[in-house]
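Reader: Please show me the model, and then let us go through its strands, annotated sites and charged pairs one by one.

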Amino acid sequence: MMKMHNFSAGPCILPAEVMKKAAQAVVELDGSGLSLIEISHRSVEFVAIMEKARSLVLELMDLKGKGYEVLFMQGGASMEFLRVAYNLLENEAGYINTGTWSTKAIKEARLFGKVAEVASSEADGFRSVPKGYTIPEGLDYLHLTTNNTIFGTQFKAIPQTDAPLVADMSSDIFSRNFAYDAFDLIYAGAQKNMGPAGTTVVIVKGELLGKVSRKIPSMLDYSVHLSKDSMFNTPPVFAVYTSMLNLEWLKEQGGIGAIEEVNEKKAKLLYSEIDLNPLFEGFAAKEDRSSMNATFTLTKPELKEKFDSMWRAAGINGLNGHRSVGGYRASMYNALSLESVGVLVDVMSDLERNA
Ligand SMILES: *Cc1c(COP(=O)(O)O)cnc(C)c1O
């Protein structure tokens with residue numbers, strides 16, 4: 001099999017050894033004579049997998065012993081848009097709008113109560129992250145999307161507020177050292193940087209829950225899932241297992257600090273090329289550029305066909321921008337190697353030489 005350089009925004013690249021181990025477990029789990037996907041989720045084997053996955057999340061984010069619990073949920077990050085509001089919104093919540101995903105989160109939250117759009121970068125086409133705004137007092141929580149997957153912007157600093165902080169970290173979780181303990185609830189769809197599609201990790205401080213007056217259906221109630229150790233109903237066993245393998249891989253690499261160094265090198269390499277090569281132009285404001293998703297366009301659109309055939313010939317996949325933005329988007333999640341970014345940069349400079 002020819003291995004492609006996969007810059008896809010999600011579902012994303014995972015380390016080859018994780019793919020291999022996951023495939024092997026589908027055939028047979030650890031010499032048990034049974035497949036991972038046919039054993040009971042209540043079996044000793046699977047309960048241990050779930051516990052290991054939950055524990056690795058806290059360990060890698062340095063959240064052990066700080067009152068956090070981990071859930072592996074279903075419904076994607078999109079389900080958390082409504083589950084967060086259902087569980088936490090009583091009077092008023094604040095949202096910072098940095099693009100498509102925050103806009104969707106706001107839309108869902110408004111079904112359950114008052115939502116203040118505290119700040120928005122819509123006026124500049126979501127090329128930046130809002131700055132210099134005031135956060136109202138007394139909010140039930142403040143919600144932000146730490147990395148804007150579509151427009152390629154990323155919060156570099158955490159907003160200061162007394163309100164509980166809730167973050168959609170779908171596309172930059174486990175990618176950088178961050179004061180994760182500044183947040184009270186973090187959620188992330190697995191398929192951007194943690195594992196295959198099919199599960200969403202939710203990391204929540206227990207004390208945050210149980211404060212709203214509405215009745216919450218069991219499947220939407222974080223407390224119910226917590227009381228059952230994330231096994232209220234059948235969990236997505238394959239997605240949880242593969243995420244666990246990927247978290248083990250990350251730990252072997254030296255954890256988040258070590259992968260952050262590589263991620264910074266990758267981002268620096270690509271953004272330098274975007275800035276130096278006159279044929280390319282970055283989309284996002286420089287100070288807010290995402291180290292995960294780099295968005296850029298051609299300054300000479302007539303070169304599109306040529307550039308597209310060049311990167312395809314180099315074994316690159318998934319470089320087209322989101323349909324709402326156009327241009328190009330190079331997603332550089334944890335498992336993408338520095339070498340793959342080098343291949344892309346070489347194609348970009350070849351285009352300059354031959355244009
Ligand atoms: C992809 C993405 C989502 C949507 O995730 P689903 O799991 O498809 O629901 C939400 N937020 C962010 C930041 C994303 O990148």
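The questions and answers below go from strands to annotated positions, and then to the salt bridges and a surface patch.

Author: This is a predicted model, in which local features need pLDDT of at least 70, side-chain atom pairs count only at pLDDT 80 or more, and totals for chains, interfaces and linings use all residues. Residues are numbered from 1 along each chain as its sequence is written, and side-chain values use heavy atoms, with hydrogens and water left out.

Reader: Which residues of strand β5 point one way, and which point the other way?
Author: Strands and helices here are DSSP runs numbered from the N terminus, with at least two residues (E) for a strand and at least four (H or I) for a helix. In a regular strand the side chains alternate between the two faces of the sheet. In β5, residues 142-145, all of these side chains are buried, where buried means under 20% relative accessible area, exposed over 50% and partly exposed in between, with a 1.4 Å probe and protein chains only. One direction is taken by His-143 and Thr-145, and the other by Leu-142 and Leu-144.

Reader: Which residue of β8 stands opposite Leu-142?
Author: Two strands count as paired if DSSP finds at least two bridges between them. Strand β5 is joined in parallel to β3 (residues 92-97) by 2 bridges, with Leu-142 as the partner of Gly-94. Strand β5 also pairs in the parallel sense with β8 (residues 165-168), over 4 bridges, and there Leu-144 is matched with Ala-167. The residue of β8 that stands opposite Leu-142 is Leu-165.

Reader: What is the bridge partner of Val-166 in β9?
Author: Both faces of β8 are covered, since Leu-165 and Ala-167 on one side and Val-166 and Asp-168 on the other are all buried. Strand β8 runs parallel to β9 (residues 185-189) and is joined to β9 by 3 bridges. In β9, the partner of Val-166 is Leu-185.

Reader: Which residues of the annotated "binding site" belong to the lining of the second largest pocket?
Author: The unreviewed UniProt entry gives this annotation to Ala-77, Ser-78, Trp-101, Thr-149, Asp-168, Gln-191, Asn-233 and Thr-234; UniProt positions are in the numbering used here, feature names are shortened, and annotations may be inferred rather than shown by experiment. They span 158 residues in sequence and the farthest two C-alpha atoms are 30.4 Å apart, so they do not all gather at one spot. A pocket is, on a 1 Å grid over the protein atoms alone, an open set of points where a 1.4 Å probe fits, with protein on both sides within 12 Å along at least five of seven lines, and its lining residues have an atom within 4 Å of a point. From this set, the lining of the second largest pocket takes in Ala-77, Ser-78, Trp-101, Thr-149, Asp-168 and Gln-191.

Reader: Is Lys-192 buried or exposed?
Author: The unreviewed UniProt entry places "modified residue: N6-(pyridoxal phosphate)lysine" at Lys-192. Lys-192 lies in helix α5, residues 190-193. Because its relative accessibility is 12%, Lys-192 counts as buried.

Reader: How many residues apart in sequence are the parts tied together by Glu-59 and Lys-251?
Author: A salt bridge is a side-chain nitrogen of Lys or Arg within 4 Å of a carboxyl oxygen of Asp or Glu, and the count by this rule comes to 13. Glu-59 and Lys-251 meet in one, at 3.1 Å from N to O. Glu-59 belongs to helix α2 (residues 44-60) and Lys-251 to helix α7 (residues 237-252), so the parts that the pair ties together are 192 residues apart in sequence.

Reader: What is the relative accessibility of Asp-288, which forms a salt bridge with Lys-131?
Author: The side chains of Asp-288 and Lys-131 meet at 2.7 Å, N to O. Asp-288 lies in the loop between β11 (280-282) and β12 (293-298), and Lys-131 in the loop between β4 (114-120) and β5, so the pair ties together parts that are 157 residues apart in sequence. Asp-288 counts as buried, with a relative accessibility of 4%.

Reader: Where does Leu-338, part of a nonpolar surface patch, lie?
Author: Val-262, Leu-269 and Leu-338 make a nonpolar patch of about 190 Å², the area coming from the Shrake-Rupley method with a 1.4 Å probe, where for residues only the protein chains shown count as cover. Patch residues have over 30% relative accessible area and no salt bridge, with nonpolar side chains (Val, Leu, Ile, Met, Phe, Trp, Tyr) joined within 5 Å and like charges within 9 Å. Leu-338 is partly exposed at 35%, and its place is in helix α10, residues 338-354.
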